[in-house]
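Please take the labels attached to this model one by one, and set each value against the rule behind it.

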Amino acid sequence: MWRYVLKRLVGLVVVVFFVLTIAFVIVRLAPGDPAALLLGPDATAADAASLRERLGLERPIFLQYLAFLGGAVTGDLGQSIFFNQPVTQVLAQRAEPTVFLALFSLLFAVMIAAPIGIYAAYRRGSFLDQGAVSLAMLAASVPSFWTGLLFQRYLATDLGWFPSSGYGGPDAGFLERMRHLMLPSLVLGIVNSALILRFTRASMLDVLGEDYIRTARSKGMGEARVILRHALKNAAIPIVTVVGLTFALLVSGAVVTERVFNLPGMGNLVVNSVLRRDYPVIQGTLIVVATLYVAINLAVDLLYAVIDRRVKY
Amino acid sequence: MTPGFTRLLFARRSVLLAFLVFLAVVVLCLLAPVISPADPAKMSVRARLTPPSGAFLLGADAYGRDVLSRLLHAGRVSLLIGLGVAVLSTLIGVTLGLLAGFVRPLDAALSRLVDAMMAFPDILLAIALVSIFGGSVFNVMLALSIVYAPRFARISRASTLVIRELAFVEAARSLGSGTGYIIRNHVLRNIVSPVIVQATFIFAYAMLAEAGLSFLGVGVDPSIPTWGTMINEGRQYIDTAAFLILFPGLAISISVLSLQITGDGLRDALDPKLSKEL
């Protein structure tokens with residue numbers, strides 16, 4: 001077990017190194033002189049040259065790369081051109097809506113997908129089962145921003161069930177801010193329920209065919225108990241994996257959903273940074289999100305070993 | 001493509017229906033210049049935001065342009081991007097996968113590179129790449145191809161590693177076949193099924209991603225009509241003219257859904273082992 005953990009940790013470090021390298025290369029390929037961008041259109045060539053010197057842009061590219069790696073490892077992701085603040089600080093200020101949006105939508109997704117998935121597997125081949133599978137496919141085919149816009153218009157603007165956009169203003173309390181996340185989370189939850197539904201159904205189908213389920217039934221145990229206690233407990237293990245897989249999907253969805261509902265999160269920040277040509281922020285977001293993805297998937301794999309004693313590494 | 005294959009593919013009626021729907025979308029969009037009721041760029045102040053009616057079957061947008069005609073023309077670009085990404089990412093990904101599978105010293109580095117690429121969420125990486133390349137149709141296609149290529153690299157590397165050790169490949173090698181011959185005649189032939197299935201899904205994902213990028217305003221140039229840019233444009237009129245975003249959204253959903261069902265059918269027909277119970 002410890003050998004396995006160590007091996008995976010080394011793997012993680014290697015992948016993160018590649019993530020950093022890709023992020024570095026992407027920003028180096030970006031058109032335009034960063035110094036000129038920082039200073040704005042009124043700067044003279046001499047100003048730009050001295051700033052380039054100060055930022056270390058005159059050094060050989062390999063030394064810049066080493067400095068970038070060294071910075072990233074110590075938690076320094078550079079300076080935002082637009083905000084003139086460290087990128088890590090800019091990101092931290094916008095983490096709250098994104099993190100809670102991701103958490104709530106994952107919760108909604110599981111609440112929608114798990115009961116339907118379990119029931120579909122239980123009534124395999126029935127009309128309801130086919131309906132559930134088709135619905136999951138539909139949810140994965142509809143653009144999330146489109147659902148978001150329609151929900152916003154009809155559920156928020158017309159019916160007034162939810163706040164239609166924003167994050168409750170500058171002095172909104174925590175609960176008020178969370179209230180503004182409900183509709184966006186529901187939209188994102190529906191989109192992400194598709195994958196979880198398919199996983200739950202497939203995993204339950206595997207388990208329901210096992211001998212011990214037949215044994216449980218033959219000794220007269222009630223159906224609810226068989227399904228919810230015996231089957232679900234074992235089917236839940238692969239379902240945990242899907243949480244790691246949906247993370248990337250959640251972040252992609254969050255970028256678009258934040259834009260629809262005008263939430264001041266990291267997704268909105270990235271899009272604005274593209275429009276402002278604030279490359280360090282784009283780079284920083286890429287690094288943070290990809291590293292989180294790799295770390296979450298490692299955590300899920302290790303959790304797998306903890307939940308299921310049969311898994312030996 | 002034998003008659004047996006077609007029968008297998010369309011064994012489920014839903015797959016046949018989905019395939020026909022997608023085909024209809026493609027044909028309608030290809031015929032856009034012929035069947036469009038109006039010039040998609042012709043503006044008319046008096047027709048601003050007209051709801052669907054006899055004169056404008058799907059209504060008119062904020063400039064009085066015919067939505068149906070725009071939808072048909074925009075579909076050409078959206079479909080072109082989807083198809084382009086499916087083809088280009090297959091080419092890039094399979095090449096990388098074969099390299100990793102056959103050139104041992106490259107394998108570890110290429111595999112970690114692929115892992116790292118797949119750690120970036122699709123849209124985020126695409127946004128970063130488009131911001132560098134610029135927002136032409138080809139650049140968006142290229143950016144999305146880079147985003148999706150790692151999936152093909154994984155599939156083809158895994159298959160290559162299995163196939164190159166099989167007895168018949170060893171036999172071919174001992175008879176003097178070169179690596180090029182083995183790739184063409186043994187490896188490619190064996191990975192073609194999973195790659196085609198994956199390419200169908202990537203076609204669908206790429207259309208969704210393109211729409212997302214255009215909606216965010218960081219995709220193709222807003223002056224080029226795609227289904228995504230149409231939704232983005234219609235967004236500010238959503239309270240008075242929701243049909244402006246309704247129809248392009250439906251067009252995306254119908255195309256993507258029919259493609260995904262077709263992909264599922266292809267998977268079942270080409271490789272029953274892959275389908276399992278999903």
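Q: Why is A:Arg225 called partly exposed?
A: The relative accessible area of A:Arg225 is 43%. Buried means under 20%, exposed means over 50%, and partly exposed lies in between, with a 1.4 Å probe and protein chains only; A:Arg225 therefore counts as partly exposed. The model is predicted, so local features need pLDDT of at least 70 and side-chain atom pairs count only at pLDDT 80 or more, while totals for chains, interfaces and linings use all residues. Residues are numbered from 1 along each chain as its sequence is written, chains are lettered from A and ligands numbered from 1 in the order in which they are written, and side-chain values use heavy atoms, without hydrogens and water.

Q: What makes A:Lys219, A:Arg225, A:Arg229 and A:Lys233 a patch of positive charge?
A: Lys and Arg count as positive and Asp and Glu as negative, with His and the chain ends not counted; the charge is placed at NZ of Lys, CZ of Arg, CG of Asp or CD of Glu. A patch takes residues with over 30% relative accessible area and no salt bridge, joining like charges within 9 Å and nonpolar side chains (Val, Leu, Ile, Met, Phe, Trp, Tyr) within 5 Å. A:Lys219, A:Arg225, A:Arg229 and A:Lys233 gather on the surface in this way, and A:Arg225 belongs to helix H12 (residues 223–261) of chain A.

Q: How do you know that A:Glu96 and A:Arg177 form a salt bridge?
A: The rule asks for a side-chain nitrogen of Lys or Arg within 4 Å of a carboxyl oxygen of Asp or Glu. The N to O distance of A:Glu96 and A:Arg177 is 2.8 Å, so the pair qualifies. A:Glu96 sits in helix H6 (residues 95–122) of chain A and A:Arg177 in helix H9 (residues 174–179), so the bridge ties together parts 81 residues apart in sequence. A:Glu96 is partly exposed, at 25% relative accessibility. Over all chains, this rule gives 13 salt bridges.

Q: What is the setting of the salt bridge between A:Arg214 and A:Asp211?
A: The N to O distance here is 3.4 Å. Both residues lie in helix H11 (residues 211–218) of chain A, three residues apart, about one turn of the helix. A:Arg214 and A:Asp211 are both exposed.

Q: Why do B:Arg164 and B:Glu165 carry the burial labels they do?
A: B:Arg164 has 18% relative accessibility, so it counts as buried. B:Glu165, at 46%, is therefore partly exposed. Their side chains meet in a salt bridge of 3.3 Å, N to O. Elsewhere, salt bridges with shared partners join A:Arg198, B:Asp264 and B:Arg267 into one network.

Q: What makes the group that includes B:Leu16 and B:Leu28 a nonpolar patch?
A: B:Leu16, B:Leu20, B:Leu23, B:Val27, B:Leu28, B:Leu31, B:Val34 and B:Ile35 form this patch on the surface, with about 660 Å² of accessible area together. Helix H2 (13–30) and helix H3 (32–35) of chain B each give two or more residues to the patch, and H2(B) supplies its largest share, five residues. B:Leu28, found in helix H2 of chain B, is partly exposed at 43%, which means that it passes the accessibility condition for a patch. Areas follow the Shrake-Rupley method with a 1.4 Å probe, where for residues only the protein chains shown count as cover.

Q: Why is B:Ser69 called buried or exposed?
A: With a relative accessible area of 0%, B:Ser69 is buried. B:Ser69 is part of helix H4 (residues 67–102) of chain B. Apart from residues up to four places away in sequence, B:Ser69 touches B:Ser36, B:Pro37, B:Ala38 and B:Pro40, where contact means heavy atoms within 4.5 Å.

Q: Which burial class fits B:Ala18, and why?
A: The relative accessible area of B:Ala18 is 5%, so B:Ala18 is buried. This residue of helix H2 of chain B is in contact with B:Ser258, B:Ile261 and B:Thr262, leaving aside neighbours within four places in sequence.

Q: How many helices and strands does chain B have, and what makes a run count as one?
A: Helices are DSSP runs (H or I) of at least four residues and strands are runs (E) of at least two, numbered from the N terminus. Chain B has twelve helices and zero strands. Of its 278 residues, 54% count as buried.
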